[in-house]
There are 2 protein chains.
Amino acid sequence: MRDLIFPVEHHSEISLQAQLRRHLVDAILDNRLASDEPLPSCRRLAQSLGVSRNTVVLTYQALADEGLLVSRERVGYFVNPELSTVQRAAKAHVRDNIGPDQVPSALWKRLRLRPSEHTQITKPKSWQRYPYPFIYGQADPSLFPVAAWRLCSRQALGVTSIRSWTEDSVEADDALLVDEVRTRVLPRRGIKATPEQILMTMGGQNALYLIAQLLAGRDTTVGVENPGYVDARNIFSVTGARIKPLPVDHDGLVIDQRLAACDCVYVTPSHQSPTTVTLPLERRVALLEQAARSDIFVIEDDYEAETNFVHNPTTALKAMDRTGNVIYVGSFSKHLAPGLRIGYMVAAKELIGELRSLRRLMLRHPPTNNQRTVAHFISGGYYDALVQRLQRVYQQRWELMGAALTKYLPDSATTPSFGGTSYWVRGPDDLDSDVLAREALAEGIVIEPGSIHFISPKPPRNYFRLGFSSIADEHIAPGIERLAKLIHANT
Amino acid sequence: MRDLIFPVEHHSEISLQAQLRRHLVDAILDNRLASDEPLPSCRRLAQSLGVSRNTVVLTYQALADEGLLVSRERVGYFVNPELSTVQRAAKAHVRDNIGPDQVPSALWKRLRLRPSEHTQITKPKSWQRYPYPFIYGQADPSLFPVAAWRLCSRQALGVTSIRSWTEDSVEADDALLVDEVRTRVLPRRGIKATPEQILMTMGGQNALYLIAQLLAGRDTTVGVENPGYVDARNIFSVTGARIKPLPVDHDGLVIDQRLAACDCVYVTPSHQSPTTVTLPLERRVALLEQAARSDIFVIEDDYEAETNFVHNPTTALKAMDRTGNVIYVGSFSKHLAPGLRIGYMVAAKELIGELRSLRRLMLRHPPTNNQRTVAHFISGGYYDALVQRLQRVYQQRWELMGAALTKYLPDSATTPSFGGTSYWVRGPDDLDSDVLAREALAEGIVIEPGSIHFISPKPPRNYFRLGFSSIADEHIAPGIERLAKLIHANT
């Protein structure tokens with residue numbers, strides 16, 4: 001009988017029992033322990049690792065219950081000789097070997113798309129480590145409601161809940177979640193909907209992808225805001241659709257004759273992306289009228305709708321829709337945790353039916369355990385509390401940002417912003433914000449250059465975006481001050 | 001101050017505190033409690049609901065911490081007067097109103113696909129309630145490892161873990177999970193891969209969708225097995241590709257000249273779907289040679305690979321691939337829980353790079369919390385234990401099925417089956433299995449008619465599939481006996 005020595009960490013988040021288990025499983029499956037080999041006695045292993053005897057007893061017993069060990073009375077525990085050799089050889093096998101990595105001969109010949117070549121917003125790796133992360137679209141991890149999420153997650157792990165979510169629900173969503181979205185989330189945007197008008201998606205982006213697949217193709221014209229959201233443009237391009245840039249001014253999307261040529265239009269009325277301006281009522285009315293006249297589908301991306309610091313949030317465009325031509329896209333990712341990927345869509349029942357069938361082919365449904373957890377999170381009032389809290393935090397940062405920009409960058413223009421989580425800044429005419437971003441990064445400041453948002457062979461280069469969802473209050477003014485120095489040195 | 005009466009269930013899975021919280025949140029957000037209205041004292045509410053005073057104290061305190069209530073010293077708790085009216089009016093607003101449901105004028109004009117019109121396998125609702133559910137592709141909920149999953153899920157909710165998964169990881173997968181797949185799961189199929197050759201997907205189906213988007217289109221020919229997997233066919237059809245049916249015999253896919261006309265081929269070598277036969281070595285070699293010669297991408301769907309009861313599982317086709325032309329698709333859904341939607345793909349690095357960029361547009365990444373939980377589940381040895389256990393359970397059912405079929409349906413032919421979770425049965429020539437399925441259902445027997453698997457204007461109607469992943473051992477023989485009576489009465 002051999003002695004086993006594993007490193008055990010006494011102050012880890014992972015329990016001693018879980019650590020011990022993991023080491024034993026590794027030793028068994030890596031073939032470091034032979035088939036039918038006896039394990040050290042509980043007492044002996046406990047002594048040599050400095051853990052309690054009970055920890056070892058429970059771990060051995062669990063592994064025996066699950067068939068990795070066998071227990072023989074009065075003798076001790078042994079590696080189960082019936083474990084298949086395939087299973088046991090697995091891990092050792094891969095350690096020193098790596099498979100072939102030929103470029104397949106079929107590759108360039110068969111590839112119909114090259115999605116890796118799309119331009120896209122890149123974020124510096126480990127942006128969290130920079131002192132001044134004016135990064136956009138990242139939730140502040142310190143604001144994530146850890147305790148509440150754990151609680152709701154435990155509720156979703158109750159036996160009855162597990163029964164309902166382990167099944168393949170084929171194309172249905174969690175009825176609890178749909179009901180919470182319908183009765184608690186949508187009404188705040190002024191939207192009334194039946195369950196058949198709602199579809200859950202893998203975040204807002206997945207909603208756009210589904211819509212693009214269903215509505216866009218080579219003979220389709222899709223109107224997009226210019227400047228506008230890069231990924232939306234990319235998603236529609238994948239279908240081969242013609243992308244028609246529509247101008248944006250200080251009030252958001254300009255509504256005019258150009259719309260008539262479009263089959264669908266992608267808009268961000270609450271806070272235009274990236275300029276953050278809110279589309280005024282008259283333009284909303286004009287857009288809906290135009291859409292009704294020309295049978296245009298209007299895709300309303302309502303990201304960050306509720307972060308409005310000056311007025312009450314405007315209701316959604318969808319709330320004014322009497323024709324069913326508006327497809328509403330919302331998401332929990334921004335507020336809750338982008339990693340969870342949960343969003344939703346509201347549209348006419350017939351359209352949702354087709355989107356649901358398409359989603360069934362694409363991925364069936366967003367994971368049911370997460371749907372259930374979010375349902376508990378909303379029904380327990382945690383979501384409301386979180387939105388309240390984020391509102392307060394963001395409003396504070398938004399004010400600090402506004403003050404710092406006025407103070408340190410009086411010669412740059414910011415579009416009038418009433419909400420959202422970023423400022424869109426037009427620097428001096430001769431500024432190159434790509435150069436600025438690189439230099440700023442070297443000084444610990446993360447900013448997002450603006451040219452990527454424009455559809456143009458020669459986009460203006462003097463715009464940039466400053467996000468404030470992930471930067472601590474006290475770093476805002478010093479960050480802007482440093483950034484201003486760089487800008488003045490450059491122009 | 002009003003009395004509040006809520007129904008509280010003492011024997012519920014949901015704690016009293018969580019129940020109380022939910023009722024209070026509802027009352028606040030529905031405006032049943034007015035702004036600034038005082039709440040009953042803790043003692044009084046506790047008495048009237050029959051719960052401990054502490055339960056009420058903790059609930060009030062939590063709601064105050066989160067800003068839904070305010071606490072005034074020596075007076076008590078009040079509905080926070082600063083709660084926005086939008087927030088509070090929300091729920092009441094929607095109760096009696098339902099939005100318009102016009103069919104949008106743009107609908108039929110703009111729709112490019114009609115995915116709802118695809119033929120697809122339908123499963124009877126609440127199939128769990130039937131005594132003889134020979135249903136296919138559903139995990140037996142009684143086999144789901146509830147305790148282990150809870151434990152791993154708790155590990156993924158540790159503070160450090162939460163930090164790493166709440167972030168938007170844009171296009172990266174959880175490195176822990178990729179490593180577990182690479183070192184523990186793939187080697188059992190004989191596959192060696194680097195992390196760059198692996199992509200996580202929302203189940204196997206999502207892998208196929210990604211591949212289809214990248215490789216198939218109007219000018220592409222995709223070879224599929226006939227009979228074969230319906231959803232794979234549907235997924236490729238969405239792209240507009242030509243679907244070329246390739247014949248299947250008692251050894252699986254027939255490898256001949258017909259392959260040369262294909263740009264890609266979809267195959268199920270481990271257990272052909274639906275016939276369950278395993279593709280022999282010579283055909284595998286021939287397929288790979290043909291693929292190399294004609295630059296064909298071979299999509300290997302390795303579902304249920306490890307359920308093999310007669311021999312050790314054959315290694316994957318991918319394990320023999322020296323050209324990089326094989327794209328391997330695997331899934332945890334079948335074994336673990338289909339509702340989780342976690343699968344993976346292995347292919348040449350360049351191809352995975354393009355698929356990753358496409359996935360980024362489609363949905364970014366499978367939810368990071370689930371990725372992390374599955375990683376813990378594998379590294380803790382729970383996955384190995386589960387696979388072992390399912391093997392034993394399924395083998396037992398497979399033997400009972402085989403015996404019952406021989407006894408009660410000696411005049412029907414079953415293809416030689418060595419694994420999987422179903423039998424593919426050819427009934428008497430004049431059997432109509434769609435009629436049989438309806439009649440069987442009326443007697444509590446769920447079976448899947450076979451004609452849907454064939455690509456043909458006049459598919460044979462006498463085949464059907466009997467799954468055994470979700471039927472209890474003791475119901476197998478009586479179920480087959482009853483089914484046999486129905487067949488004999490019908491033919």
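**Exercise 1. Strands 12 and 13 of chain B**

Find how strand 12 and strand 13 of chain B are joined, and place them in their sheet.

Solution.
Step 1. In this predicted model, strand 12 of chain B is joined to strand 13 (residues 422-426) by two bridges, and the two strands run antiparallel.
Step 2. One of the residue pairs can be named: Ala413(B) has Arg426(B) in strand 13 as its bridge partner.
Step 3. The sheet is open, with four strands of chain B in the order 12-13-16-15 and antiparallel pairing.
Step 4. Strand 12 (413-414) and strand 15 (448-449) of chain B are the edges; each has a single partner strand, so one side of each has no neighbour in the sheet.
Step 5. Helix 14 (residues 382-408) of chain B lies across strand 12, strand 13 and strand 16 (463-467), at about 15° to strand 13.

**Exercise 2. The eight-stranded sheet of chain A**

Determine the strand order of the open sheet of eight strands in chain A, then follow its pairings.

Solution.
Step 1. The order is 4-11-10-9-8-5-6-7, and the pairing is mixed.
Step 2. Strand 4 (198-201) and strand 7 (252-253) of chain A are the edge strands, each pairing on one side only.
Step 3. Strand 5 (residues 221-226) of chain A runs parallel to strand 6 (residues 242-249), with six bridges between them. Thr221(A) has Arg242(A) as its bridge partner in strand 6.
Step 4. Strand 5 of chain A also runs parallel to strand 8, here with three bridges. Val222(A) is matched with Cys264(A) in strand 8.
Step 5. Strand 8 of chain A pairs in turn with strand 9, in the parallel sense and over four bridges. In strand 9, Glu300(A) is the bridge partner of Val267(A).
Step 6. Now consider the side chains of strand 8. In a regular strand, side chains alternate between the two faces of the sheet. Cys264(A) and Tyr266(A) point one way from strand 8 (residues 264-267), Val265(A) and Val267(A) point the other way, and all are buried.
Step 7. Helix 12 (residues 349-362) of chain A lies across strand 4, strand 9 (297-301), strand 10 (326-331) and strand 11 (343-346), running at about 30° to strand 4.

**Exercise 3. Strand 9 of chain B**

How many of the residues in strand 9 (residues 297-301) of chain B are buried, and which point one way?

Solution.
Step 1. Five of the five residues are buried.
Step 2. Phe297(B), Ile299(B) and Asp301(B) point one way, while Val298(B) and Glu300(B) point the other way.
Step 3. Strand 9 of chain B pairs with strand 8 (residues 264-267) in the parallel sense over four bridges. Glu300(B) is the bridge partner of Val267(B).

**Exercise 4. Two helices**

Which residues of helix 6 (residues 146-155) of chain A are buried, and how much of helix 12 of chain B is covered?

Solution.
Step 1. In helix 6 of chain A the buried residues are Ala148(A), Trp149(A), Cys152(A), Ser153(A) and Gln155(A). They lie on the same side of the helix, because they cover an arc of only 155° around its axis.
Step 2. An α-helix has 3.6 residues a turn, so residues three or four places apart point the same way.
Step 3. In helix 12 of chain B, 11 of the 14 residues are buried; among them are Leu351(B), Glu354(B), Arg356(B) and Met362(B).
Step 4. Helix 12 (residues 349-362) of chain B reaches 19 Å from its first C-alpha to its last, close to the 20 Å expected.
Step 5. Just after helix 12 of chain B, Arg364(B) takes a positive phi of about 70°.

**Exercise 5. Two aspartates in loops**

Is Asp173(B) buried or exposed, and is Asp430(A) buried or exposed?

Solution.
Step 1. Asp173(B) is in the loop between helix 7 (159-166) and helix 8 (175-185) of chain B.
Step 2. Its relative accessibility is 14%; buried means under 20%, so Asp173(B) counts as buried.
Step 3. The side chain of Asp173(B) makes a polar contact of 3.1 Å with the side chain of Gln371(B). Beyond its neighbours within four places in sequence, Asp173(B) is in contact with residues including Leu199(B), Arg356(B), Arg359(B) and His365(B).
Step 4. Asp430(A) is in the loop between strand 13 (422-426) and helix 15 (433-442) of chain A.
Step 5. Its relative accessibility is 54%; exposed means over 50%, so Asp430(A) counts as exposed.
Step 6. Asp430(A) is 10 residues from Gly420(A) in sequence, and their C-alpha atoms are 28 Å apart in space.

Conventions:
Residues are numbered from 1 along each chain as its sequence is written. Chains are lettered from A and ligands numbered from 1 in the order in which they are written. This is a predicted model: local features need pLDDT of at least 70, side-chain atom pairs count only at pLDDT 80 or more; totals for chains, interfaces and linings use all residues. Side-chain values use heavy atoms; hydrogens and water are left out. Buried means under 20% relative accessible area, exposed over 50%, partly exposed in between (1.4 Å probe, protein chains only). The arc is that of the directions from the helix axis to the C-beta atoms. A polar contact is a pair of N or O atoms within 3.5 Å; within protein, one must be able to donate a hydrogen and the other to accept it, and residues adjacent in sequence count only if both atoms are side-chain atoms. Contact means heavy atoms within 4.5 Å. Two strands pair if DSSP finds at least two bridges between them. Axes are lines fitted to C-alpha atoms, for helices over the stretch in contact, and angles run from 0 to 180 degrees between N-to-C directions. The expected span of a helix is 1.5 Å times one less than its number of residues.
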